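Work through these exercises with the structure open beside you. Try each task before reading its solution.

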Amino acid sequence: MIKVYDDKYYMQQAYKEALLAYDENEVPIGAVIVCNDSIIARAHNMTETLNDVTAHAEMLAITAAENFLGSKFLTDCTLFVTLEPCVMCAGASYWARFARVVYAAPDDRFGFKKAGDKLFHPKTKIENGLMEKESSLLLKKFFTKKR
C-alpha cells in the first residue's frame, strides 16, 4: 500500500490549526489526530474564547477523536501537536493510550518533561522536533506581539 501522507504533512495540518489560534488571539498551538492514515480530529487552543483553562488543542482534539471513534481509547492513533504537551495534556494522552505522540517544539517552562516521562502510557512512542523551527517562531511572534 502506498502511503499518501507522511508525518510532515500531518504536522503541517497541526501548524495550520496553530495559525488559526494565532488569528483568534489564542496561544498558537494546534493539534491533529490521525487514525489509519486519516485525520479524525483537529483543534487549536481555545482557552480565551471558551474561558476555559482546559481548552488546550490536545484536549479538544482528544474529545473530538473519541467522539468520532465512539471509544475512549485511541490506541491506533497518533497525536500531532505543535508544542510539547503540558502535564494536563500528557495525562489525558496517557488515558487515551495513543500509539504515538509527535510534537514539534519543546516547552521548557510548562512541558511534560519537567515532570518526567512517566506521564505517557508505556506503549506510547514519543517523537519530537518535526517542524520545531516554524512552531517556535510562531510562538515567539505571538508573545512578542503580546508584550
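**Exercise 1.** Place Thr 47 in the fold and decide: is Thr 47 buried or exposed?

*Solution.* This is a predicted model. Start with the secondary structure. Thr 47 sits in helix 2, which covers residues 47–50. Next, take the accessibility. Thr 47 has a relative accessibility of 17%. The cut-off for buried is under 20%. Thr 47 is therefore buried. Now list its contacts, skipping residues up to four places away in sequence. Thr 47 touches Glu 26, Asp 52, Val 53, Ala 55 and His 56. Finally, check a distance. Thr 63 is 16 residues from Thr 47 along the chain, and their C-alpha atoms are 15 Å apart.

**Exercise 2.** Describe how helix 3 and helix 4 are arranged: at what angle do their axes cross?

*Solution.* Find the two helices. Helix 3 spans residues 57–69 and helix 4 spans residues 87–96. Their axes come within 9 Å and cross at roughly 20 degrees. Angles under 35 degrees count as roughly parallel. So helix 3 is roughly parallel to helix 4. The crossing is left-handed. Then look at who makes the contact. Helix 3 supplies Glu 58, Met 59, Ile 62 and Glu 66. Helix 4 supplies Met 88, Cys 89, Ala 92, Ser 93 and Ala 96. Sort these residues by class: six are nonpolar, one is polar and two are charged.

**Exercise 3.** Lay out the sheet: in what order do the strands run?

*Solution.* Five strands form an open sheet, and their order is 2-1-3-4-5. The pairing is mixed. Read off the edges. Strand 2 (38–44) and strand 5 (125–128) each pair on one side only. On average, neighbouring strands are turned by 15 degrees against each other, direction ignored. Zoom in on one pair. Strand 1 (residues 30–35) pairs with strand 3 (residues 77–83) in the antiparallel sense, over five bridges. Val 34 has Thr 78 of strand 3 as its bridge partner. Last, add a helix. Helix 1 (residues 7–23) packs on the sheet and touches strands 1, 2, 3, 4 and 5. The direction of helix 1 makes about 30 degrees with that of strand 2.

**Exercise 4.** Compare Asn 36 and Met 131: which loops hold them?

*Solution.* Take the backbone angles. Asn 36 has a positive phi of about 50 degrees, though it is not a glycine. Met 131 is not a glycine either, and its phi is positive at about 65 degrees. Now the loops. Asn 36 lies between strand 1 and strand 2. Met 131 lies between strand 5 and helix 5 (132–146). Then accessibility. Asn 36 has a relative accessible area of 66%, so it is exposed. Met 131 has 10% relative accessibility, so it counts as buried.

Technical notes. Residues numbered from 1 in each chain as written. Predicted model: local features only at pLDDT ≥ 70, side-chain atom pairs only at ≥ 80, totals over all residues. Heavy atoms only, no water. Helix = DSSP H or I, 4+ residues; strand = E, 2+ residues; numbered from the N terminus. Buried < 20%, exposed > 50% of the residue type's maximum accessible area, 1.4 Å probe, protein only. Contact = heavy atoms within 4.5 Å. Axes fitted to C-alpha atoms, helices over the stretch in contact; angles between N-to-C directions. Parallel < 35°, antiparallel > 145°, perpendicular 65-115°, else oblique. Left-handed = near helix turned anticlockwise from the far one by under 90°. Nonpolar A, V, L, I, M, F, W, Y, C, P; charged D, E, K, R; others polar. Pairing = 2+ DSSP bridges.
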